[in-house]
Amino acid sequence: MAEKEYTETSEAQIAVHWGEEGYYMPSVKFIAQANMTDESIYDRFSMDNFPDCFKEYADLLDWYKYWDEILDTSDAPCYKWFKGGLLNVSYNCIDRHLAGNSNKTAIHFVPELEEEKIEHVTYRELWVRVNEMAAVLLDFCGLKTGDRVTLHLPMLPDLPVTMLACARLGIIHSQVFGGFSGSACGDRITDSGSSVLITMDAYYRGGKLLNHKQKADEAVGIAEKHGQKVDKVLIWQRYPGKYSASTPMVEGRDFFVNEVIKDYYGARVEPVKMPAEAPLFLMYTSGTTGKPKGCQHDTGGYLACVTATSKYVQDIHPEDVYWCMADIGWITGHSYIVYGPLSICASTVIYEGIPTYPDAGRCWRIAQDLGVNIFHTAPTAIRAFRKTGPEEPAKYNYEFKHMTTVGEPIEPEVWKWYYEVVGKGKAVIVDTWWQTETGGFLCSTIPAIKPMKPGSAGPGMPGIHCIIYDDKGNEVPPGKGIAGNLCIRNPWPGMFQTIWGDRDRFVRQYFEKYCKDSSSKDWRDWPYLTGDAAMMAEDGYVRILGRIDDVINVSGHRLGTKELESAALVVEEVAEAAVVPIRHDIKGVEPDIYVALKPGYEPSEEIAQKVNAALVREIGPIAKARKVWIVPDMPKTRSGKIMRRVLAAISNKSDVGDTMTLANPEVVEDIKKMVEN
Ligand code: PRX
């Protein structure tokens, strides 16, 4: 891809460049109880000890058989960690805890409606449910190790039960965020080649019971149109025994899990001894093209990574109550609601609904009632709490020892509010930077060892060697105050193995830019390009500035601008579309969409509404544009490329820069007038 286009919609260009902040120290009380206080961990995980150091992570797991080779690079940059090792993720997350912790709560499920009872699922109960669901997958669905299954489930315990049942059998799950549309789900069913879809009839959001089943019909229709037949749709019921959606069931295709599973009550399914390098799940994410890509995560490396980071960064102990407010439909939920916490026998909270429903005190009531002491959320939610209920945390009697922020840059001012008001000045904060692709945290402080710095994610995790390159491939040294492209010099357990079915795209997008020898089998030749712009301070702390590619981060939800543009092009009248991120107080950024119409059509409010409806239909409500601007023409380069940078500047009311080299500079003035009015 041409350099120019690559950087055109850069969020970094419009990111707030706040200054370096001072350190905050963790409390003595926190340090005294922390899981990791040994500073030598950074030496143990130094480059000299790579890759053997990661045995320390893998030793947190139970293996049926140890590996023969810690890191196989023979197919670089597609790596195999712990090659030859055998283990099972469901065994590690459940069975191994039964001897000592059978009656411990694994999952606290909090329904959105406050009048509904909180459900506490013990490890024993989780084991029973997972075994029975595994029997359904195996016997009723006829699925086997290596098959893919698409899940489109909301935030209920049935989701981790289904994931763990898949993991028990080595079936590769692909969970699609529940808020995504049926159409988005259908595309992911097709790409993954799933013949079974597992979904739910309904769930609560903002006090309304939403019909979720209707999305399944749409998803199956889209998949079939693209040649992927779905034989069975399994539907969990929000209220077992009762169907809560109005959409009819399709005879012979749709089945209620709650009914089918009755035939398997008491069933026990032996965990399959899976090779460490076998895929565990796919997680689709947005990139530089319209088509989402399935990040393929492995079994051994991934579980080792999320187990160790849950223990050392999240600092979870057996007696803690841990609440990560993300959605399990995203990587954060996979790694830090389900797999990491359960692997270390934690009690993890799953909340069904909106954090501020029915009022801004809801979260703090949940924290108080369940005794939550580790809290994990995103800057978007923190900004919303600060805006809608700044006095609320003080009204409730909870005490956090530890808090996480993840998913977007956090403004130091917001960080300080989180620290003082939500954490009541007592909790440590970790700002964890990572990605769907990376499986687990890449940059963060280890909370009892490194001090916090507002607005900085912290140094590379032990064993993660960050480097910042300029566009020509020269290293930008720390402390220079210069931003560049953040890369990781080495592979690590937890890193995705490839893009499902598209190794070329994997290599092109993440490695090509800085690889000096594409035939090399040495990992040193394959730095990983993260797609984020960043600055490294003198102390090695990394400050993330935002994406350098066509990805925008709306409320912490990652969306591809091309994905939104292709959705808009579905509207008959639209000839061209360009999406740009605009700054928003709470969401971080939100999309503005510019469209030009085909000849013969006049701009109208109706067309603008059709464009937004298409974004919601094709992707989901999170993709809705703040504004649809119907423009006479797009600003273009002489070679015909749409100048998104110019449009972004107009939307953000900043300087559009020099436009004289454009093919049609006059249109910029017209668009400016339109937007300013
Ligand atoms: O731009 C970075 C931003 O989120 C992107 C990854 O999004 P996703 O794959 O959806 O994963 C979300 C869960 C980590 C990154 O490329 N990002 C993530 N964490 C941070 C962040 N930006 C700033 N600070 C963070 N802590």
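**Ligand contacts and aromatic rings**

Reader: What makes the pair formed by a nitrogen atom of the ligand and a backbone atom of Thr 432 a polar contact?

Author: The nitrogen atom is 2.7 Å from a polar backbone atom of Thr 432. A polar contact is a pair of N or O atoms within 3.5 Å (within protein, one must be able to donate a hydrogen and the other to accept it, and residues adjacent in sequence count only if both atoms are side-chain atoms). The value of 2.7 Å is within 3.5 Å, so the pair counts. Ligand nitrogen is also 3.1 Å from a polar backbone atom of Gly 407 and 3.2 Å from one of Glu 408.

Reader: How much of the ligand does the protein cover?

Author: On its own the ligand has 540 Å² of accessible area (Shrake-Rupley method, 1.4 Å probe), and the protein covers 95% of this.

Reader: What do these values rest on?

Author: The model is predicted: local features need pLDDT of at least 70 and side-chain atom pairs 80 or more, while totals for chains, interfaces and linings use all residues. Residues are numbered from 1 along each chain as its sequence is written, and side-chain values use heavy atoms, without hydrogens and water.

Reader: Which residues come nearest to the ligand?

Author: Asp 431, Thr 432, Thr 436, Asp 532 and Arg 558 do, out of 17 around it; a residue is near if one of its heavy atoms lies within 4 Å.

Reader: How many aromatic pairs are there in the whole structure?

Author: A search finds 47. Rings of Phe, Tyr and Trp (its six-membered ring) pair if their centres lie within 6.5 Å; planes under 30 degrees apart count as stacked, over 60 as edge-to-face and the rest as tilted.

Reader: Why is the class of the Trp 63 and Trp 67 pair what it is?

Author: Their ring centres are 5.0 Å apart and their planes at 70°, which is over 60, so the pair is edge-to-face. Both Trp 63 and Trp 67 are buried, that is, under 20% relative accessible area (exposed is over 50%, partly exposed in between; 1.4 Å probe, protein chains only).

Reader: What class do Phe 496 and Phe 506 fall into, and why?

Author: With centres 4.9 Å apart and planes at 75°, this pair too is edge-to-face, because 75° is over 60. Phe 496 is in the loop between strands E22 and E23 and Phe 506 in helix H17, so the pair ties together parts ten residues apart in sequence. Phe 496 and Phe 506 are buried.

Methods:
Helices (H or I, at least four residues) and strands (E, at least two) are DSSP runs, numbered from the N terminus.
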